[in-house]
Amino acid sequence: MKSLANPILPLEHFIPDVEAHVWADGRIYLYGSTDIPGNHGYCCGEYHVFSSADLVNWVDHGICFSAKQTNWVADDVPLYAPDCAYRNGKYYLYYCIPDGRCGVAVADSPVGPFTDVGPIEHVTMIDPAVFIDDDGQAYIYWGQFDGVRVAKLKENMVEIDPDTITQPLSVAEHEFHEGSSMKKINGKSYFLYTDTHRHGGRATSMGYAVSDNPMTGFTYGGVIIDNFGCDPRTWNNHGSMECFNGQWYIFYHRSTHCSSSSRHVCIEPITINPDGSINEIKMTTSVSAALPASQSMEACRACEMSGNVRFECDGEGSFVLGQIRHGDTATYRYLEFNGENTFTATAKADKDLRVEVYIDDWYQRSLIIHPGCGYETGSVSLPPISGRHTLTLKFYGEFTDAAISNFVFTCN
């Protein structure tokens with residue numbers, strides 16, 4: 001079985017804005033937007049559904065819904081962040097388009113195909129999210145900034161009661177940006193959203209607020225995860241929380257290709273403390289348990305990067321850590337070592353590329369990759385390493401074109 005690593009889907013799938021749900025069959029289902037790889041802006045006009053029984057092996061159930069299936073949305077209009085809800089044997093897919101209109105489609109299966117019902121009257125901004133409370137009352141959340149709203153859904157799940165529309169959060173009190181998501185945990189309503197408390201208002205954090213009421217009275221709880229540093233130009237974050245096999249996880253995304261788009265879904269385990277708070281966690285490559293250092297690692301899976309370096313396609317169908325410049329860094333959190341004493345990497349550069357290896361910020365040795373006809377493989381001996389550690393690679397040299405495809409630690 002493959003190890004659980006971020007990003008969790010195969011690298012060719014760029015799925016951001018994910019709402020995760022565990023339905024009656026015990027599988028976890030992901031509903032998200034679909035980005036096109038490269039710096040092409042946010043989202044295309046179709047949704048896929050992915051499901052898994054173990055968070056490792058994922059099934060792509062194909063296109064479940066597209067703008068072409070509607071009679072009120074142009075075929076070339078992108079579909080933004082969706083959500084899905086189940087009631088009375090039907091699955092309801094809530095979607096939105098850039099002008100702020102939101103619609104709903106229905107299916108007999110959690111993976112579709114979904115048949116369009118049409119736009120939802122009175123819902124006028126992006127990012128719909130739906131929550132069904134223990135008493136059976138359904139709520140829909142939507143909006144950006146102080147335009148965030150919540151209303152009760154009628155029993156038919158396709159209309160709201162406009163008299164119940166209210167503003168649940170605010171910019172002033174909660175730094176609300178967009179990306180509403182609601183879960184009930186230990187009798188409390190947890191409102192997860194894109195939070196702009198940091199980085200001069202950049203929307204890279206996932207924050208939360210808690211209340212006894214799913215519509216009002218929310219107290220800010222803090223940031224759970226911040227994706228700042230996942231890419232040189234990361235801009236936003238959006239996701240959800242879900243409990244799977246007794247463990248709560250936060251689902252969020254990271255941008256790639258030195259852009260604010262081309263985003264991958266990632267997950268991290270979280271803990272709900274006895275007082276109801278949730279501690280902030282760091283982005284990882286390994287998710288929960290550390291990945292074996294002896295397992296070949298795709299270099300583009302770095303959880304943090306600095307400088308110009310970025311996840312990108314090498315033009316031959318493979319994903320690499322590319323556009324490396326002098327002084328750039330890439331971090332991998334966490335690897336499990338068992339005495340490995342050799343670092344081997346496959347990389348290319350137009351002039352000598354020096355790769356410095358750091359274990360928990362402690363310098364080990366440097367590997368020099370010399371120019372060749374393409375990717376070259378080199379190795380360097382290290383002091384034996386044991387235990388769970390953070391790996392950081394630092395890149396130096398006078399090159400102008402450099403990339404690294406993979407690396408591994410071995411015992412020699």
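**Cysteines, strands and rings**

Reader: Which cysteine sulfur is closest to the one in Cys300?

Author: A disulfide here is a pair of cysteine sulfur atoms within 2.5 Å. The sulfur of Cys300 has its closest partner 10 Å away, too far for a bond, and that cysteine is Cys313.

Reader: Before we go on, what kind of model is this?

Author: Residues are numbered from 1 along each chain as its sequence is written, and side-chain values use heavy atoms, with hydrogens and water left out. Local features need pLDDT of at least 70 and side-chain atom pairs pLDDT 80 or more, while totals for chains, interfaces and linings use all residues, since the model is predicted.

Reader: So how many disulfides does the count come to?

Author: A disulfide is a covalent bond between the sulfur atoms of two cysteines. By the sulfur distance rule, the count comes to zero.

Reader: Is Cys373 buried or exposed?

Author: Buried means under 20% relative accessible area, exposed over 50%, and partly exposed in between (1.4 Å probe, protein chains only). Cys300, at 3%, counts as buried. Cys373 has a relative accessible area of 86%, so that residue is exposed.

Reader: Which strands are at the edges of the open sheet β5-β6-β7-β8?

Author: Strands are DSSP runs (E, at least two residues), numbered from the N terminus, and two of them pair if DSSP finds at least two bridges between them. The four strands of this open sheet pair antiparallel in the order β5-β6-β7-β8. Pairing on one side only, the edge strands are β5 (80-87) and β8 (115-119).

Reader: What is the bridge partner of Val106 in β8?

Author: Strand β7 (residues 102-107) runs antiparallel to β8, and four bridges join the two. In β8, Val106 is matched with Thr115.

Reader: How many aromatic pairs are there?

Author: Rings of Phe, Tyr and Trp (its six-membered ring) pair if their centres lie within 6.5 Å; planes under 30 degrees apart count as stacked, over 60 as edge-to-face and the rest as tilted. By that rule, the count of pairs is 21.

Reader: How far apart are the ring centres of Phe65 and Tyr95?

Author: Their planes are at 45 degrees, so the pair is tilted. Phe65 sits in strand β4 (residues 58-66) and Tyr95 in strand β6 (residues 90-96), 30 residues apart. Phe65 is buried at 0% relative accessibility, and Tyr95 is buried at 0% too. The ring centres are apart by 4.8 Å.
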